[in-house]
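Colleague: I am new to this structure and would like a close look at one part of it. Please take one helix and describe how its neighbours pack against it.

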Amino acid sequence: MTVTEQRPTDEGHIDRIRRRFATVGCAQLADAAPEFVVPLHLPAVPRNGRPRICGPVFPVATTDDMLPALQALAQTPPGHVLFIHNTVTRSEAIVGDIFLTSAAVQRLGGIVVDGAVRDLTDLAAIDMPVFSTQVTFVSARTTSQRVTDLPQTVEVAGVAVRPGDWLFGDPDGFLLLPADRVGAVFAAGAVLRDREEALKKAMQDDGKTLADLTHLGDFLDGTGDLGFTP
Amino acid sequence: MEREQFYREVVGFLTRTASEAGTNPPPADIDPDDNLFDLGLVNSFSMIRMIVFVEETTGVAVDLADHELETFYTLRGLYDVVAGTEERV
């Protein structure tokens, strides 16, 4: 039997996941469900002091051209993360303060730019996470080359970023999840987080070390197995 | 799916996974309110497989965002989640 009652990606559902993501990070999600998590090795960093981002992804590719980004911004639904992949190596700025202000007004989940942003001083005042791999004050031009297929699947660091996949990003990095597994993986990640916290508390309360809990001495002596499970 | 059938399905799953892992199977007198972690039947790393099993068996996508965490620790809680009877938070 297949899952037949998939959750819609409505704003309320996305917002509930986002609030949970404040305490369950990429590390827990990856540990709890490695079979579903796709690591995205993107060297993007937060550009306005908001280090966590999550939501269904709305990808678009561009080549130093604002028009595809503007078209994608106009179509990205509330709660979704606009993911802009600039195909050039040295990017001109695709996102600035005006672009991000519009994203905030549209209640997006945030913006990730595989490329450059600018206006960092002004971005800080806008309550909308924005990540990028580069920064430059040089703005990308706007051509008349319209994009007719939005959203698009884009390939980044050897990984396909597909429309509707969920993107999670925090100080540990980025990962992707299939939309139909987000609930299950989040539940498992939260459980893992809960058990980890209990384990840390037990260590602090009882003075146990990691070597104690992993039976490291027994393992090194050849008298026992290594490891523990939260 | 009826509650008792759901319990049997999940216990069957836990029995199979215990057999594969070489660990103790669920006790014959397992109670719907027993903590599956405390019984050693699931851990943080196997939890995802149980949740996916529940989803695929019942056809309902579970969602942590709507439920308290402890709900996922017992058979009764799991059923309440998929049956929609767990109080939303």
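Modeller: What follows is a description of helix α1 of chain B and its surroundings, in a model that is predicted.

Two packed helices are described by the angle between their axes and the distance between the axes. I take the partners of α1(B) in turn.

The first partner is α3(B), which spans residues 75-83. The two axes come within 10 Å and cross at roughly 120°. Angles of 65 to 115 degrees count as roughly perpendicular and those over 145 as roughly antiparallel, so α1(B) and α3(B) are oblique to each other. Their crossing is right-handed. On the α1(B) side the contact is made by Arg3(B), Phe6(B), Tyr7(B) and Val10(B), and on the α3(B) side by Leu75(B), Leu78(B) and Tyr79(B). Sorted by class, these are six nonpolar residues, one charged and no polar.

The other partner is α2(B). Its axis lies 11 Å from that of α1(B), and the packing angle is about 140°. This pair, too, is therefore oblique, and α1(B) passes α2(B) in a right-handed crossing. Here Glu9(B), Val10(B), Phe13(B) and Thr17(B) of α1(B) meet Arg49(B), Met50(B), Phe53(B), Val54(B) and Thr57(B) of α2(B). That contact divides into five nonpolar, two polar and two charged residues.

Between α1 (3-21) and α2 (47-58) of chain B runs a loop that holds Ser44(B). Ser44(B) counts as buried because 22 C-beta neighbours lie inside 10 Å, where 20 or more are needed. From Ser44(B) to Ala18(B) the C-alpha distance is 15 Å, with their positions 26 residues apart in sequence.

Key
Residues numbered from 1 in each chain as written. Chains lettered and ligands numbered in written order. Predicted model: local features only at pLDDT ≥ 70, side-chain atom pairs only at ≥ 80, totals over all residues. Helix = DSSP H or I, 4+ residues; strand = E, 2+ residues; numbered from the N terminus. Buried ≥ 20, exposed ≤ 12 C-beta atoms within 10 Å, placed from the backbone. Axes fitted to C-alpha atoms, helices over the stretch in contact; angles between N-to-C directions. Parallel < 35°, antiparallel > 145°, perpendicular 65-115°, else oblique. Left-handed = near helix turned anticlockwise from the far one by under 90°. Contact = placed C-beta atoms within 7 Å. Nonpolar A, V, L, I, M, F, W, Y, C, P; charged D, E, K, R; others polar.
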